[in-house]
Amino acid sequence: MSDSPSATYLPEHPPVTDWVHDFDHTDPVWTDDPFPIWETLRAASPVVHTERFLGCYMPTTYQAVKEIAYDTEHFSSRRVIVRDVRPEISARAPPITSDPPEHKPAKQVLLPPFTPDAMKRLEPRVRAICNELIDEFIADGHCDAAARYTKHIPVRAIAHMLGIPEKDGDLFIKWIHQILELGIKDENEMMSGVREMTGYFMAHLEQRKLEPGDDLISQLLRAKGPGGQPLTDEHVLGSLRLLLIAGIDTTWSALGSSLWHLAKTPADRERLVAEPALIPTAIEEFLRAYSPVTMAREVMKETTISGCPVKAGNMVLLSFPAANRDPAMFPDADKVVIDRKENRHAAFGLGIHRCVGSNLARMEMQVAIEEWLKRIPDFRLDPAGKVTWSEGTVRGPRQLPVLFSKNA
Amino acid sequence: MSKLKIRVDQDKCQGHARCKSLAPELFELDEYGNAHEVGDGTVPAGLEDKAWLAQTNCPEIAIEVTEE
């Protein structure tokens, strides 16, 4: 690889004027409010294409997203982020970047630590984390709920699971920002994030080999891969990379969007305060309406999706969030209905790559919303502040200024 | 009301666990978090609504409900 600056020069993104033929999920208009754009794209075709990102399709309907998610023959997961560049694949993160047949054994190693029962054991710690965070700002009568609350819950929960200091969470947040946001357009940022993260985990790996515990890192080191062999260090590192990248700003985003909705929708907030038993149903609806995660695939072989030809060599922006707004699948798709009864949303993906941390995310969301509403039942957006949204692959509020009564 | 029977298609289930959360009496999860119907899948009287709720919320459409 060349070290010259030109090797990592990446093109500017001109503003989009024709969404249907030139979409760009990093455009500020998309970042700010993607929903009308998805409606336009869906009205045009079940699959649209852009020349940006070296060629990329986007399925716009639930049906088209589902067809691609289920089709591991034509669509590979080896690249799961749509970017300006497609460098050689170096840092894998199994099983999210694995295709069959390697996928299943890599995933089965990770599933037992994330079952709903395992999450129940973690729940008391998450509840305590939420209250420790609220204690820090409740007397102020205002806070940035994204920076002070939703951001820290998933990081500390994952750190707790991995048996590493919860205070190292700030490092994780920095790496994730480099990889998921800056990395779309800047290869150096991406690689520097990956390198630092790998070094950090390598040290923990070595330490666990000397002093195994019952944390998740030790469990992975004890786990047997295909053929009964222990997993290689590279495999364990890759899976840890995945847990961090996939487990943190995703839930941060989903939680932030949920609080954003409740801050601006008093009727829903009051109903959940009065009927906490409805919170799990409401969370499914927040996950549908504000799904944070857009995945990617790479087209390996030419095929047809919902009647549209797709050609090898292109990427696919696999927008579960857009699928979840498809009115053909969800009546009143653009309305947030907190007691929606039928909700087959795809926020955690469909098919073999179903999010391994979905039970963790759901538990964190439930606990974080419950604890917030118990202690801060009445809150609203701060009219003097500005809500900002993350760019790219994971969508959620990064600033969420809210006001509440000081005696809350 | 006729008797209902449920079955989780193991080829389709991906472990979203929505059924377990909505109808814990009717589903159990294995060590990987994948769902199985409890017993032979017969839905006890009074739990019919929960069976349908689980069926209509499964993202993978992995749950079959049949009326006997």
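In chain B, the loop between α2 (48-57) and β4 (63-67) holds B:I61. This isoleucine has a positive phi, near 50°, although it is not a glycine. With 13 other C-beta atoms within 10 Å, B:I61 counts as partly exposed, because a residue is called exposed at 12 or fewer and buried at 20 or more. Keep in mind as you look around that this is a predicted model.

Chain A has a residue to set beside it. A:D332 also has a positive phi near 50° without being a glycine, and it sits in the loop between α16 (320-323) and α17 (358-375) of chain A. Is A:D332 buried or exposed? A:D332 is exposed, since 9 other C-beta atoms lie within 10 Å. Most residues other than glycine have a negative phi, and most peptide bonds are trans.

That brings us to the peptide bonds. Two cis bonds in chain A are set out here:

| Cis peptide bond | Omega |
|---|---|
| A:P94 to A:P95 | about 5° |
| A:P100 to A:P101 | near 5° |

Where in chain A should you look for them? A:P95 lies in the loop between β3 (75-76) and α5 (103-110), and A:P101 is likewise found in the loop between β3 and α5.

Finally, here is how the chains meet. On the chain A side, 20 residues are in contact with 16 residues of chain B. The chain A residues that touch chain B comprise 9 nonpolar, 7 polar and 4 charged ones.

Terms used. Residues are numbered from 1 along each chain as its sequence is written. Chains are lettered from A and ligands numbered from 1 in the order in which they are written. This is a predicted model: local features need pLDDT of at least 70, side-chain atom pairs count only at pLDDT 80 or more; totals for chains, interfaces and linings use all residues. Two residues are in contact if their C-beta atoms, placed from the backbone, lie within 7 Å. Ala, Val, Leu, Ile, Met, Phe, Trp, Tyr, Cys and Pro count as nonpolar, Asp, Glu, Lys and Arg as charged, and the others, Gly among them, as polar. Helices (H or I, at least four residues) and strands (E, at least two) are DSSP runs, numbered from the N terminus.
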